[in-house]
Amino acid sequence: MFLVDNLPPLRADETVVALGIEGSANKVGVGIVRYDGEYAILSNPRETYVTPPGSGFRPRETTARHHQRRVAPLIARCLADAGVRGEDVDCVCYTRGSGARARARVDAGPATSAPAQARLWRVPLVPVNHCVAHIEMGRVATAASDPVVLYVSGGNTQVLAYSGDRYRIFGETVDIAVGNCLDRFARAVGLSNDPSPGLNVERAAARGRALVPLPYGVKGMDVSFSGLLTHAEARARRRPSPGAATAEDLCFSLQETIFAMLVEVTERAMAHCGRKDVLLVGGVGCNARLQAMMADMARGRGGACCKMDQRYCIDNGAMIAQAGIFAYQHGARTPLAACDCTQRFRTDDVRAIWRKGTDR
C-alpha cells in the first residue's frame, strides 16, 4: 500500500473526509476522499464544456456559465454517490491556481462555491495548487514513491522531481503547452471537440502511416511547440492537393515528434536525479502512445512508467481533495475572506510539507 511520507498519525477511530472542487479549465468536478489509515475515493463526478468543432473554450464567458450552472448539482451528486452528509465533511478544498485565467475560476465556482460550502458546514477551507494535485493523485493512484514527474496538460508542460521540500521544475515549455498544441491542431484539421480534441488526435494518429518531418523543438531541458504547430498547420492547409499528407498522417507525425521531445527531456531529468521511474500526470498523460514510448524508455533504464487512465489524469475534484487532505493534516487553512484564485501559482511555489526527505 502507498503511504504518504510524513503525515501525523490518526487517533483511534479517527477518519478525515475532504471534499475537493476543481474548475480551472473546461471541466468542473467535485470529489470526496476519505482517509482512515488508507485513502479511498468515494465519489468523483465531473462535467466537461464541449465547444463546437473548430472553436476553443472561452474561460470568461461560456465556460464560466457552464461551470456556474453545474457545480452545485455536482456537489449534491457527489455527496449522494459517496453516501456522505455535509456534516461528515472535515474540510473543503479548492483549486487556487494555476489555470485558464483567474477571472474564469472566480466566476466558475470553486472560489465562490468552496467558501460557501465551508461556511455552511463550518469546516476549514484549504487552497490547493492544481499542478501539485495532479502529482499527488498520481503518486497515490500508482503507488509511485519518488519518481520523476512529467506533467502534460492543456495548460502545462513540466518535468519535475521532488527535492528540498518542493517539486522542482527541471524543464518546461517555453511557449504553449503540449495539450494546447494538440487541441489547436485538431481544430486545424477539423476534428471534433467531443469528447476532447486531444483524444480525437490520438485516434486519428492511430490510423496514420507516413511520418512527415516536423521541427524538433528541444532546447536543453525545455521544449517549444509553437513553431512545430505552425509548420504542421501549414502542411494541413495543403490538403487536398495531390501528394499532400493526410490528416491522419499529420496527427501521427505530430504525436511522434512531440512525444519524442518529451521522452528526451524526461530521460535527461531521470539521469540527473538518479531515478528510474517516471510518473505521467495531466490530461495528455492518458495518451496510450505517450505511455508506450515513456514505458520503453523507463524499461531501458531498469524502471517503470507509472500511468493512469482518464479518470485520474484528466482534471477532477478528487485530486484536489487528495492534495488538500495532505495539507489539511499539516494544518493548512485559509480564512474564508481570503479565498482567491490566481494564475501565478507555480508548482515550485508550494512547500510539500506532507513529504519528508529533503536531502535529494
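Which side chain makes a polar contact with the side chain of Tyr151? In this predicted model, the partner is the side chain of Asn156, at 3.2 Å. The views below start from there.

**View 1. Tyr151 and its surroundings in strand S7.** Tyr151 sits in strand S7, which covers residues 148-152. With a relative accessibility of 0%, this tyrosine counts as buried. Leaving aside residues up to four places away in sequence, Tyr151 touches His130, Cys131, His134, Asn156, Thr157, Gln158, Leu160, Val281 and Gly282. Asn156 is thus a name to look for twice here: it is among the residues touched, and its side chain makes the polar contact with the side chain of Tyr151.

**View 2. Four residues that UniProt lists as a "binding site".** An unreviewed UniProt entry gives His130, His134, Tyr151 and Asp315 under this feature name. These residues span 186 residues in sequence, yet no two of their C-alpha atoms are more than 12.1 Å apart, so they gather at one spot.

**View 3. His134 in helix H4.** Helix H4 runs over residues 130-142 and includes His134. His134 has a relative accessibility of 1%, so it counts as buried. Beyond residues up to four places away in sequence, His134 touches Tyr151, Val281, Gly282, Tyr312, Cys313, Ile314, Asp315 and Met319. Two of these, Tyr151 and Asp315, also appear with His134 in the UniProt listing of View 2.

**View 4. Helix H4 crossing helix H11.** The axes of H4 and H11 (residues 317-328) come within 8 Å and cross at roughly 90 degrees. The two helices, H4 and H11, are therefore roughly perpendicular to each other. On the H4 side, the contact is made by His130, Ala133, His134, Glu136, Met137 and Val140; H11 contributes Ala318, Met319, Ile320, Gln322, Ala323 and Phe326. Sorted by kind, the residues of this contact comprise 8 nonpolar, 3 polar and 1 charged.

**View 5. Another UniProt "binding site" listing, with Val152 and Gly198.** The feature, again from an unreviewed entry, is placed at Tyr151, Val152, Ser153, Gly154, Gly155, Asp183, Gly198, Glu202 and Asn287. Val152 belongs to strand S7 and is buried, at 0% relative accessibility. Among the residues that Val152 touches are Thr157, Val178, Leu262, Val281 and Leu290. Gly198 is found in helix H6, residues 197-205. Is Gly198 buried or exposed? Its relative accessible area is 19%, and because buried means under 20%, Gly198 is buried.

Note on methods:
Residues are numbered from 1 along each chain as its sequence is written. This is a predicted model: local features need pLDDT of at least 70, side-chain atom pairs count only at pLDDT 80 or more; totals for chains, interfaces and linings use all residues. Side-chain values use heavy atoms; hydrogens and water are left out. UniProt positions are given in the numbering used here, feature names are shortened, and annotations may be inferred rather than shown by experiment. Helices (H or I, at least four residues) and strands (E, at least two) are DSSP runs, numbered from the N terminus. Buried means under 20% relative accessible area, exposed over 50%, partly exposed in between (1.4 Å probe, protein chains only). Contact means heavy atoms within 4.5 Å. A polar contact is a pair of N or O atoms within 3.5 Å; within protein, one must be able to donate a hydrogen and the other to accept it, and residues adjacent in sequence count only if both atoms are side-chain atoms. Axes are lines fitted to C-alpha atoms, for helices over the stretch in contact, and angles run from 0 to 180 degrees between N-to-C directions. Angles under 35 degrees count as roughly parallel, over 145 as roughly antiparallel, 65 to 115 as roughly perpendicular and the rest as oblique. Ala, Val, Leu, Ile, Met, Phe, Trp, Tyr, Cys and Pro count as nonpolar, Asp, Glu, Lys and Arg as charged, and the others, Gly among them, as polar.
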